[in-house]
Amino acid sequence: VDEALPGFVPWPSEFAQRYRALGYWTGVDLYADFAASAARHPQRTALVCGERRWRYAELARDAERVAVGLRALGLGPRDRVLVQLPNVAEFYLAVLALLRIGALPVFALPAHRRAELAYFVEHTQARAAIVADMEAGCDHRALLRDVAAAQPCLREIVVVGDAQELRPFASLYGDGSLPPPPDASEVAFLQLSGGSTGVPKLIPRSHDDYLYSVRESARICGLGPESVYLCALPAAHNFPMSSPGALGVFHAGGCVVLARSAEPAACFALIERERATLTALVPALALAWLESRQRARYDLSSLRVLQVGGAHLAEDVARRIPDAFGCRLQQVFGMAEGLVNYTRNEDAEELAYISQGRPISAADEIRVVDDEDRDVAPGEVGHLLTRGPYTIRGYYRAPAHNTQAFTADGYYRTGDRVRRLPGGHLQVVGRAKDQINRGGEKIAAAEVESHLLAHPGVFDAALVAMPDRWLGEKACAWVVARETAAPSARELQRFLRERGIAAYKLPDRIEFLDRLPRTAVGKVDKRALQARALGPLTGTV
Ligand code: J2J
């Protein structure tokens, strides 16, 4: 316990003991689990990235050579390392190598920009960053140079591709011995939370807890050495990493095929070429794939399961999937904080259309409660609370927020409103957290509001969801401008971009009001604003 990473909230010892006694926590670290799989299947293909392919023996050897290189940079146990990479093989090489030496990847999404990256580096005191050179028109070297100039802790910038004066990822491959692996009870990495607060929250996941969810996910999804997983979502996201994701596929000895983008034609071509059996999408992409006329031009017959999760999947869209793709639909309702639900192969087929699945583990404790934390009657809608062997007990370095985000007895308040069906399956019917789910990308309203409020011409601001046919939800900002210096919608948009935030957080619309509607207790009435966002709007940007 004295060894734990500062800022990590461990499970109470009686829970930890129980999870070990029940065989959920095995004491195996994430790299050791990968290495064991590599030893079982040395000649099988583990990873495909464009024209490059790695057999398991090769991937393990390369990851260990990168680990030697990272050690040579002075990185070691518990050092935090920002990882921001697109879907390229070096993402897994970097992550496996960091896990091997006990350093903690801090996962950023490719869309994140200066404001988010600076915050991650500052909050974690990251010593190094591993990034792409250019991606989607953005120079990540320049971004990280900017971040490093303000954050002296960040001493090494490793670049995949053209490193300029920075350190090339290719220079990391070294030969030498490696130190003992980390203890499995330690934090393995820091994952990003969807969040609902002014600054993003980071999620510390331990080797023990994460490996349990990965192992069980691989089993539930029936993965084996013949499985071929197309990774179309951003590889750093919890869903394609662990549900069962790439780590589940590695655990089972299968093959991960990286798609550089989730664009339908490119993915269909990869499914055909690599005979992919499984892939995971958010609903917005599932809809785009369904509507794509390219579908008929490719042989998708290898596909056995299409997973959809991350946001609400409309029932009519769900029902179209099996016929359109000649495969089963599996709904996945998960969260980077832990709890993951799957619809199962053995379930009544109907449940895959009308429910978001049931928890991975018999030890997942589920409560559905009212506003006063009292259990609702069976079948009633309420707030979902959960604790269990792979659900965190606290965010990283966020003690004040943790008192609100968790109950006194350690349940995580998911912010989701659910109904529990008699067999234990959950239906997600809404959300109580102040968040916009834009096609699976989560936007914390308070975070964008605080950026808007930083503009001298903004007196008040509120971000709410508005429905969108393709993305499910988009974001609408309601702004009260100061009379003297009222900015235009266009100017605010530019201002936000210059603040350095991810493009998906930029409001899709900005509307002006004289004052924000308030509830009886004086809080901004977001429901009223949401209802108003349904009406005709003017401030399109
Ligand atoms: C409705 N809302 C959903 C679903 C997540 C697997 C799958 C998804 C995530 C993920 C993940 C939903 N229907 N099927 O980490 O391992 C919303 C809920 C939830 C939040 C979590 C995984 N699946 N959601 O999406 O951390 O609001 O994880 O609390 O990004 O997404 O978001 P995130």
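This text walks through a predicted model, from its annotated spans and domains to its core, its ligand shell and a few unusual backbone sites.

Start with the records. UniProt, in an unreviewed entry, lists "domain: AMP-dependent synthetase/ligase" for residues 34-396. In the model, the end C-alpha atoms of that span lie 26 Å apart. Its content is 33% helix and 25% strand. A second annotation, also from an unreviewed entry, is "domain: AMP-binding enzyme C-terminal", and it covers residues 447-523. Here the end C-alpha atoms are 17 Å apart. This span is 23% helix and 32% strand.

The domain assignment draws its own bounds. It gives domain 1 as 227-433 and domain 2 as 435-532. Their centres, taken over C-alpha atoms, are separated by 28 Å. The contact between them takes 10 residues from domain 1 and seven residues from domain 2. On the domain 1 side, helix 11 (residues 283-291) supplies the largest share, three residues. By class, that side divides into five nonpolar, three polar and two charged residues.

Now turn to the interior. The largest nonpolar core has 168 residues. Which of them touch the most other members? They are V81, V83, A129, C231 and V257. Helix 4 (residues 89-101) gives this core its largest share, 11 residues. The core also draws at least three residues from each of domain 1 and domain 2.

V81 shows what such a position looks like. Residues up to four places away in sequence are not counted here. V81 then touches L75, L98, A103, L104, P105 and V106, among others. Its list of contacts also includes the run A126, R127, A128, A129 and I130. One of these, A129, is itself among the core residues that touch the most other members.

L190 offers a second look at the packing. This residue lies in strand 10 (residues 187-192). Is L190 buried or exposed? It counts as buried because 29 other C-beta atoms lie within 10 Å, and 20 or more are enough for that class. Neighbours within four places in sequence are again left aside. The contacts of L190 are then R80, L104, V106, F107, T124, L202, I203, P204 and Y396. F107 is 83 residues away along the chain, yet its C-alpha atom is separated from that of L190 by 6.4 Å. L104 and V106 are in contact with L190, and both also touch V81.

Next comes the ligand. The shell around it holds 22 residues. The closest are N238, G309, G334, M335 and A336. Four elements give two or more residues to this shell: helix 8 (238-242), strand 16 (328-335), strand 21 (412-420) and strand 22 (426-431). Strand 16 makes the largest contribution, with five residues. What classes of residue make up the shell? There are eight nonpolar, 11 polar and three charged residues.

Follow the chain on from helix 8. The loop between helix 8 and helix 9 contains P244. A cis peptide bond joins S243 to P244, with omega about -10°. Most peptide bonds are trans, so a cis bond deserves a look. Helix 9 (residues 245-252) comes next, and it is mostly covered: eight of its eight residues are buried. They are G245, A246, L247, G248, V249, F250, H251 and A252. Just after this helix, G253 takes a positive phi of about 80°.

Two further sites have a positive phi without being glycine. Most residues other than glycine have a negative phi. Q164 has a positive phi near 50°. Q164 sits in the loop between strand 8 (156-160) and strand 9 (167-168). It counts as partly exposed because 13 C-beta neighbours lie inside 10 Å. R397 also has a positive phi, about 50°. The place of R397 is the loop between strand 20 (381-387) and helix 14 (399-405). R397 has 19 other C-beta atoms within 10 Å, so it is partly exposed. The buried class begins at 20.

Terms used
Residues numbered from 1 in each chain as written. Predicted model: local features only at pLDDT ≥ 70, side-chain atom pairs only at ≥ 80, totals over all residues. Near = placed C-beta within 6 Å. Nonpolar A, V, L, I, M, F, W, Y, C, P; charged D, E, K, R; others polar. UniProt positions renumbered as here; feature names shortened; annotations may be inferred. Core = buried A, V, L, I, M, F, W, Y, C linked by C-beta atoms within 7 Å. Buried ≥ 20, exposed ≤ 12 C-beta atoms within 10 Å, placed from the backbone. Domains from an automatic or database assignment. Contact = placed C-beta atoms within 7 Å.
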